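Biologist: Please take a close look at one part of this model for me. I would like the packed helix pair first, and then the residues worth a stop elsewhere along the chain.

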Amino acid sequence: MGVGSDLENTVTPSGESHSSVAKYIRSIGRHYVLAVVVMTVLIGATFLTVKVALDRHSLQQNISYLIGRQFIRFQQLGNQTRAIMRASADPNMPEYIVRPMVEDVQTAINDIRAMSVQLNELNDEVEANFLERLNGRDAASEKLRVELDGRLEDFLERAERVVSAKLLDRRERYSFWGPIDFAVSSDSMLMRQFGALIESAHDRSDMSIDHTRLISAVLLSLTAATLILATLILFIPLLVKLRTEHRRTLDFEIKLTHLAHTDTLTGLGNRSSFNEALNGLFASLERTGAGFSMLLVDLDHFKATNDSFGHPAGDAVLSHVASALQKTFRAGDIVARLGGDEFAALLPGISDAATLEGIAERAVAAIATECHFEGRLLPVSASLGGALVPGHASDEAALMRTADLALYAAKARRNTAVIFDEASFAQRLEQNRLAAALAVAADRDEFVVYYQQKVNLQTGEHLGFEALVRWRHPQLGILPPGRFLPLMEGHLIQSMTRCIVNTVARDLKTWKTAGFRAGSVAINLPEALLVGDDGYTLIAAAVEANDLDWLDFAIEVTEDVFLNRGANQIAETISRFRGRGVSVSLDDFGTGFASLVHLRDFPFDELKIDRSFVAEIGKDVRSEQIIRAIIDLARNLGKRCVAEGIEEESQRHFLLNAGCEIGQGYLYAKPEPASVAVERLASGSIAVRKVPKQITQIAS
């Protein structure tokens, strides 16, 4: 399962959804602008309608007010005119009294006419009003206004004639009938018409208010309807879509968070989620004092599985381990893949070493169960290191360091679990010091070569040596390879091998000069020197520099070369050696992954039976059967067979009877410095050594 597929399943739909929402919002925006325009128009129309109606109402009110004032002024004029007529009829009324009365009447006439002009102007404004045009003219009111204007003007002309006449004329002309006639003309029809016109003006004003109320109600209803429709058609669907998109965004964020904290291959948490959980447990420790424990898991020989069967097989192994760990630990435990073939587990509430050790052992057993891939049974095992909090550490750095120390101790044994203790800590410190010293050991020429004889099992004749490395440590003295080889990788192994080759070449030159027949010396070349030309060039340079023969060297390789990605290049390099007459041995046969196809196609001359099988001779029938099978296989392939680790005469006898003719081991000679080996050559000693039955140290 890859990250790309997950992101394709999550990111792409989200991107399409965002695009869809963007288009939808743009469409909503256009409709929203239209709705705003419609509502703006409706609101503007409502405002204009109200304004026009209020203007009309104001005009009607002004008209009513002026008509009322004109009516009052008319009544005053009538009374004043009659008063002048009565005063004129009195022969004893002096002129100076009548004259002011005449002036008041003239003023009233002018006022009434001015009001008529204003009323005409106001009526013109009313006629220009939109609502007035919309409602149409009131013919009866217009007719009444025209008749009133005519009658009023006639009345004013009469009043003017009264006040413009001389006193004697008024006295003679209007002495009796004049006041009565004037009164009738002023108090009858005009009074009724004024009243009707005032009532009509009020009615028109009320009508304009009613019209305004109706039109405003209609416009406001349309505005409300537009708003409701916009809400139903635009905003509610938009809110629903946005809510849906928000939920999808939240789901997408949850998926991204899951991907960011999950290992895509195994489904376990990754390093990021593991660190968060670890921080949380330490925070809980500070709050509540609740302890916990941690296990680090590292697979054994995982690179070999990848190189031999391919990365799909490696992925199957990782998935198998993840499943085994999930089944082993509790539901509340945190299991994560830190990267590569490294796993880790946090166990809340577990702060007892014995309990943690039992859980770790169950995990080791669960991982070591069968793992099938494409019809093959893949070898799977793991090393586990554990530490307790707060027993072994009180912070993250210390916890990782102590758990790593325990893991390192477990990796030295493989397929086991180790819980941190002081002994493992001390051992790791020693290993660190050794590793630091190894970095300069080759430059200081601290690597020395020990030689172990290879003999004819029938006669005991010396056939050659195997070169075995030792480290002359400045403080610790001579160290066996088991103490330092596990600490060496890459360029350190290559540098050490160069030292061995040069040392062997110098010793061979010395021996040959002294006339000793040492036979070939077998050197174990690491894969890194066989993949390219480095190994061949190294031996070639040693041969040339020391005036040796290629036959003075033999090459030993382990079955691991079959699993190397450069196996074809290694085979080519081995073929070049054999072309020079150099013997090639397949070392530690039976402990690796060699198949019959490998044995058929790989160029070699010799099979070396591993000492683990030889040690079981006389004890385990199955080991004896395996030895016989290896010897028969070598014979049938036309190869020599060499037995390692021979320590007892009974083992030599069994091997001879089985058909193996060459061997090495403590029964003949243990690995010895060059000075001791040359003495053996000088003395020609081939006697079988008497060795104890139990040998605790096995050279390699």
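Modeller: What follows goes from the helix pair to the whole chain and then to single residues. Keep in mind that this is a predicted model.

The pair is α17 and α18. Helix α17 covers residues 534-545, and helix α18 covers residues 567-579. Two packed helices are described by the angle between their axes and the distance between the axes. Here the angle is about 20°, and the axes lie 9 Å apart. Angles under 35 degrees count as roughly parallel. Helices α17 and α18 are therefore roughly parallel to each other. On the α17 side, the contact is made by Gly535, Tyr536 and Ile539. On the α18 side, Thr573, Arg576 and Phe577 take part. Sorted by class, the contact has three nonpolar residues, two polar ones and one charged one.

Now the setting. The protein chain has 700 residues, and 44% of them count as buried. Its secondary structure comprises 23 helices and 17 strands. The accessible surface is about 35,400 Å². Carbon and sulfur atoms hold 55% of that surface. Take the contacts in the chain with a separation of 6 or more: 72% of them join residues 24 or more positions apart.

Next, three histidines in regular elements. Histidine 462 sits in strand β9, which spans residues 462-473. Its relative accessibility is 16%. The cut-off for buried is under 20%, so histidine 462 counts as buried. Two partners are listed for its side chain. The side chain of glutamine 453 meets the side chain of histidine 462 in a polar contact of 2.9 Å. The backbone oxygen of alanine 518 is reached by the side chain of histidine 462, at 2.9 Å.

Histidine 653 belongs to helix α22, residues 649-658. With a relative accessible area of 48%, histidine 653 is partly exposed. Its side chain makes a polar contact of 2.9 Å with the side chain of asparagine 657. Histidine 653 also has a sequence-distant neighbour to check. Leucine 457 is 196 residues away in sequence, yet the C-alpha to C-alpha distance to histidine 653 is 8.5 Å.

Histidine 491 is in helix α15, residues 491-513. At 57% relative accessibility, histidine 491 counts as exposed. Alanine 439 is 52 residues from histidine 491 along the chain. Their C-alpha atoms are separated by 9.5 Å.

Last, the backbone in the loops. The peptide bond from valine 389 to proline 390 is cis, with omega near 10°. Proline 390 lies in the loop between β6 (382-389) and α12 (396-411).

Two further loop residues carry a positive phi. Histidine 301 has a phi of about 55°, although it is not a glycine. The loop that holds histidine 301 runs between β1 (292-299) and α9 (302-309). Aspartate 445 also has a positive phi of about 55°, and it is not a glycine either. Its place is in the loop between α13 (422-438) and β8 (447-456). Aspartate 445 is partly exposed, with a relative accessible area of 45%.

To return to your part: α17 and α18 pack at about 20°, with Gly535, Tyr536 and Ile539 facing Thr573, Arg576 and Phe577 in the contact.

Notes: Residues numbered from 1 in each chain as written. Predicted model: local features only at pLDDT ≥ 70, side-chain atom pairs only at ≥ 80, totals over all residues. Heavy atoms only, no water. Helix = DSSP H or I, 4+ residues; strand = E, 2+ residues; numbered from the N terminus. Buried < 20%, exposed > 50% of the residue type's maximum accessible area, 1.4 Å probe, protein only. Contact = heavy atoms within 4.5 Å. Areas by Shrake-Rupley, 256 points an atom, 1.4 Å probe, with all protein chains shown as cover. Axes fitted to C-alpha atoms, helices over the stretch in contact; angles between N-to-C directions. Parallel < 35°, antiparallel > 145°, perpendicular 65-115°, else oblique. Nonpolar A, V, L, I, M, F, W, Y, C, P; charged D, E, K, R; others polar. Polar contact = N/O pair within 3.5 Å; in protein donor to acceptor, adjacent residues only side chain to side chain.
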